[in-house]
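Colleague: Before I plan any bench work, I should like to go through this chain with you. May I put my questions one at a time?

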Amino acid sequence: MTRLIALLLALVTFALPAHAADDISAASRSVVRVVTVAMMDGEVVGFGHGSGIAISPTRIVTNAHVVESAARYPGNVALGVVPSEGQKSYAGKLIAIDTARDLALVEITEGRLPVAAIYTGPLESGADVVALGYPGNVDLATARSANDYITPRTPTRSEGNMSNLQSVDGVTMLIHTAKISRGNSGGPLVDQCGRIAGINTAITRADDGDSPFAFAISGRELMRFLADAGQQYTSVGTPCLSMAEADARDRAALDAETRAEIEANAARNAAAKLDRELKLARAGEEALAARENRIALAGVLFVIGALAAGAGLMFYSQKNLRNAKIAGGAGAVLIIGAALLFATRPDAHAELAPDAAKAPATAAPKLAQGSLLCTIRPDRSRITVSATTDVPITIGKGGCVNGRTQYTRGADDRWQRILVPNEEATVTVASIDSAGRDYRVDRYLLDAETMAKARETRATVTIKSCTADPDELAGLAAQQDAIRSALPATPNERLVYRCQPAAGAAAKPKES
């Protein structure tokens with residue numbers, strides 16, 4: 001009862017209005033302000049700042065010119081990193097710098113940040129893009145003290161369009177129309193799915209009424225810089241689709257699969273019908289042949305019996321009673337046998353055995369068991385930030401997945417588990433259909449406040465491993481419903497996998 005009350009209280013506190021997931025807001029969580037503070041004899045003699053974005057939980061990309069003073073005067077210039085969320089700022093350490101590309105890599109000495117992905121696909125001219133960062137003119141209008149520059153706050157977003165690619169001093173640049181100013185340096189230019197398309201670095205002057213344009217270091221140059229620095233990163237090359245577009249593609253793919261399955265079933269039924277007709281024809285021919293053979297044999301026996309009976313009459317007329325009895329008896333037996341054979345002749349119209357004529361009954365769907373290998377279906381997915389490698393899954397009895405994670409059965413006949421990690425700012429809804437063929441991962445990239453409330457709700461029920469206890473399963477199901485009801489209406493990312501028995505596993509999963 002105590003656990004149920006705690007869960008209900010958590011549900012009340014976590015009952016936020018559902019809204020659509022915003023990929024730009026999700027990317028904003030990874031944006032930081034990068035601060036440089038010059039010290040001389042214990043006094044601050046210089047202050048500078050720009051923007052950056054996390055490409056690992058502890059490392060940030062920014063412009064080289066933002067942190068160049070720290071590279072030149074490491075003993076006198078301190079680096080700071082101010083996240084877009086939370087209550088703390090962190091000290092930073094310069095890891096790598098490339099002044100030719102105007103890129104630098106900074107590491108925070110504590111804390112963790114949400115990670116952004118780099119977009120590796122083509123960005124067409126006219127594509128919508130968004131600049132994220134901390135423009136200095138906005139700071140001048142809003143900052144009231146030096147503390148405002150080191151207080152976490154949401155970055156400013158500015159929308160525009162991709163113009164074209166151009167090489168500047170041997171470095172590939174994206175030219176775009178999203179408005180930026182000093183302070184945006186080192187911040188990301190992202191596509192509509194929130195993936196990094198480039199790193200903003202410069203703007204043109206707008207003298208004499210000229211229209212301003214902005215320059216961002218291309219994702220290709222960024223990836224080369226990270227490779228040179230030995231830094232791993234997440235990259236995604238799939239085109240950016242809205243969730244509505246992804247859902248439409250998913251439905252179209254499912255419709256195509258359904259049509260293919262209907263056609264396959266029709267072909268199987270036609271083949272079965274033809275096989276049955278052939279079997280009936282063969283059985284009819286065999287029955288007719290057996291009938292004719294039986295009638296012919298009965299006729300032969302009747303003729304022989306009649307001849308024997310005639311011989312008996314002849315012997316009787318000759319007063320040879322002994323031979324008359326033998327011949328007459330044999331004739332009678334043969335005539336009776338002929339009559340029996342004729343009476344029991346088979347029907348000319350044969351039928352198949354009931355088991356062969358009857359279609360196999362379809363069993364009610366049950367949760368599949370066994371080892372599966374699940375492969376991504378790009379045509380049914382919306383991929384924004386995650387890797388899409390194959391996923392091995394082992395389903396045990398009662399919804400126990402991989403021997404440690406308990407899934408519960410939902411109203412849509414899918415088994416699901418909502419995962420709320422302690423460090424990553426992402427809620428994952430993983431589900432699999434009862435047949436073990438369709439594995440789905442919905443990822444919600446949430447702000448710090450919503451994540452904190454999700455963790456509070458998760459803490460009301462602690463199941464460390466699989467269980468068959470009805471009370472624990474009921475509590476887990478109620479907890480999962482509470483978390484799910486407060487998630488946005490749509491996820492930021494949906495990964496759909498097609499599962500098949502893993503190599504070395506049984507031909508198909510067992511059923512429980």
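Colleague: Among the contacts in the chain with a separation of 6 or more, what percentage do residues 24 or more positions apart account for?

Modeller: The model is a predicted one, and its chain holds ten helices and 24 strands. Of the contacts with a separation of 6 or more, the share that comes from residues 24 or more positions apart is 69%.

Colleague: What percentage of the 512 residues count as buried?

Modeller: A residue is called buried when its relative accessible area is under 20%. Applied to the 512 residues of the chain, that rule gives a buried share of 40%.

Colleague: Is leucine 105 buried or exposed?

Modeller: Leucine 105 belongs to strand β6, residues 103-108. Beyond four places in sequence, its contacts include Ile55, Val61, Leu94, Ile95, Phe225 and Leu226. Two of these partners come from helix α5 (residues 219-228), where Phe225 and Leu226 are among the buried residues. The relative accessibility of leucine 105 is 0%, so this residue counts as buried.

Colleague: What separates the C-alpha atoms of leucine 105 and isoleucine 95?

Modeller: Isoleucine 95 is one of the residues in contact with leucine 105. Along the chain the two are ten residues apart, and the distance between their C-alpha atoms is 5.4 Å.

Colleague: Which residue just after α5 takes a positive phi?

Modeller: Helix α5 covers residues 219-228, with Gly219, Glu221, Leu222 and Met223 among its buried members. Most residues other than glycine have a negative phi. Just after α5, a positive phi of about 70° is found at glycine 230.

Colleague: Where is a positive phi found in a residue other than glycine, and is aspartate 169 buried or exposed?

Modeller: One such place is asparagine 402, with phi near 55°, in the loop between β17 (400-401) and β18 (405-406). At 31% relative accessibility, asparagine 402 is partly exposed. Another is aspartate 169, also with phi near 55°, in the loop between β9 (156-168) and β10 (171-176). Its relative accessibility is 79%, and the cut-off is over 50%, so aspartate 169 counts as exposed.

Colleague: At what angle do helix α9 and helix α10 pack, and how is α9 placed relative to α10?

Modeller: Helix α9 (residues 448-458) and helix α10 (residues 470-485) have axes 9 Å apart and pack at an angle of about 170°. Angles over 145 degrees fall in one class, which makes α9, relative to α10, roughly antiparallel.

Colleague: How do the residues of the contact of α9 with α10 divide?

Modeller: The crossing of α9 past α10 is right-handed. On the α9 side are Ala454, Thr457 and Arg458, which meet Gln479, Ala482 and Ile483 of α10. By character, these contact residues are three nonpolar, two polar and one charged.

Colleague: Why is the pair formed by the rings of tyrosine 439 and tyrosine 497 classed as tilted?

Modeller: The count of aromatic pairs comes to one. Its members sit 58 residues apart, tyrosine 439 in strand β22 (residues 438-445) and tyrosine 497 in strand β23 (residues 493-501). Tyrosine 439 is buried at 10% relative accessible area, and tyrosine 497 is buried at 4%. The ring centres are 5.7 Å apart and the planes stand at 45°, neither under 30 degrees nor over 60, so the pair is tilted.

Colleague: Is threonine 384 buried or exposed?

Modeller: Threonine 384 is placed in the loop between β15 (368-376) and β16 (391-395). Its contacts beyond four places in sequence are Ala117, Cys193, Arg195, Val236, Asn492 and Glu493. With a relative accessibility of 0%, threonine 384 counts as buried.

Colleague: How far apart in space are valine 130 and arginine 157, C-alpha to C-alpha?

Modeller: Valine 130 lies in strand β8, residues 128-133, and is buried, with a relative accessible area of 1%. Arg157 is among the residues touched by valine 130, as are Ile24, Pro188 and Val190. In sequence valine 130 and arginine 157 are 27 residues apart, and in space their C-alpha separation is 6.4 Å.

Definitions and conventions
Residues are numbered from 1 along each chain as its sequence is written. This is a predicted model: local features need pLDDT of at least 70, side-chain atom pairs count only at pLDDT 80 or more; totals for chains, interfaces and linings use all residues. Side-chain values use heavy atoms; hydrogens and water are left out. Rings of Phe, Tyr and Trp (its six-membered ring) pair if their centres lie within 6.5 Å; planes under 30 degrees apart count as stacked, over 60 as edge-to-face and the rest as tilted. Helices (H or I, at least four residues) and strands (E, at least two) are DSSP runs, numbered from the N terminus. Buried means under 20% relative accessible area, exposed over 50%, partly exposed in between (1.4 Å probe, protein chains only). Axes are lines fitted to C-alpha atoms, for helices over the stretch in contact, and angles run from 0 to 180 degrees between N-to-C directions. Angles under 35 degrees count as roughly parallel, over 145 as roughly antiparallel, 65 to 115 as roughly perpendicular and the rest as oblique. A crossing is left-handed if the near helix is turned anticlockwise from the far one by less than a right angle, and right-handed if clockwise. Contact means heavy atoms within 4.5 Å. Ala, Val, Leu, Ile, Met, Phe, Trp, Tyr, Cys and Pro count as nonpolar, Asp, Glu, Lys and Arg as charged, and the others, Gly among them, as polar.
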